[in-house]
Amino acid sequence: VYKNKYTRVYMTDVLYRTKVSLCVSLTFNLCYAVVKFVYGCIEHSVWFGSVAVYYIILSLLRFFLLRSYDGNIIGIDRVYEYKKYRLCSVMLIVVNIALCSMVAQMVLKNYGYQYPESVIYIVAMYTFYAVISAVFNIIKYRKYNSPVLSAAKAISFTTALVSVLSLQTAMLTLFGEEGDMMRQKYNGMTGACICVIILIISVYMFVNANRELNKI
């Protein structure tokens, strides 16, 4: 791995590795958003429309972060980084509003994700990996003292939480025997908790950015 110049850069350059991760996530988010948007238009489905809007806003946020990366600025220009960090917190609130719309439809109309039984185990493994990886990276990347890097990892953590909600809705649909009322209750409780957590993260980022900018 380290003998190849491309993989060596990926393994040793934190900034490059994060940019690659954002590019991959951005590509998948856009593809997923387009598929859901087209399907929503064909089926006249508000649910698929809400999912599409969520992933479109998330894609815009990832694109914004990707544009913020500059090897001459990251870790050096603190004012630039904290302004981008603060703007990310505002965009994350917008993402949370779209997520609240999805949760409301889960509760009011019993919408949710559905996967075949053969696929749901793969989705479950990916979800657990995403959550563990997101928490690990938040802790790991704190040492670089870069607000832009921290913002990227905060976004990854929030999307991992949404993956947990998606997995729960799919598993309750496939394996649940409690009925629609209990399924809507569980999805509503989990969705509300995740929305609150994301709101807390957004507010913390905004307040922290303002405090640090005032210090500078």
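In this predicted model, N96 makes contacts with C195, I198 and L199, leaving aside residues up to four places away in sequence. The residue sits in helix α4. N96 counts as buried because its relative accessibility is 6%, under the 20% cut-off.

Helix α4 (78-109) also takes part in a pocket, the second largest, where α4, α6 and α7 (180-215) each supply at least two residues of the lining. The volume of this pocket is about 450 Å³. Its lining comprises 17 residues, and those nearest the centre are Y85, I138, R142, S150 and Y204. Sorted by class, the lining of the second largest pocket holds 10 nonpolar, 4 polar and 3 charged residues.

Attention now turns to the largest pocket, for which a volume of about 1100 Å³ was computed. Lining it are 34 residues, with S25, R62, Y126, A130 and T159 the closest to the centre. At least two lining residues come from each of α2 (14-43), α3 (46-68), α5 (117-140) and α6 (147-175). Helix α5 provides the largest share of this lining, with 11 residues. In terms of chemical class, the lining of the largest pocket is made up of 19 nonpolar, 11 polar and 4 charged residues.

Helix α6 is worth a second look when the two pockets are viewed together: α6 supplies at least two residues to the lining of the largest pocket and at least two to that of the second largest.

Definitions and conventions: Residues numbered from 1 in each chain as written. Predicted model: local features only at pLDDT ≥ 70, side-chain atom pairs only at ≥ 80, totals over all residues. Heavy atoms only, no water. 1 Å grid on protein atoms, 1.4 Å probe; cavity = no way out; pocket = protein on both sides within 12 Å on 5 of 7 lines; lining within 4 Å. Points joined across faces, edges and corners; volume = space filled by probe spheres on them. Helix = DSSP H or I, 4+ residues; strand = E, 2+ residues; numbered from the N terminus. Nonpolar A, V, L, I, M, F, W, Y, C, P; charged D, E, K, R; others polar. Buried < 20%, exposed > 50% of the residue type's maximum accessible area, 1.4 Å probe, protein only. Contact = heavy atoms within 4.5 Å.
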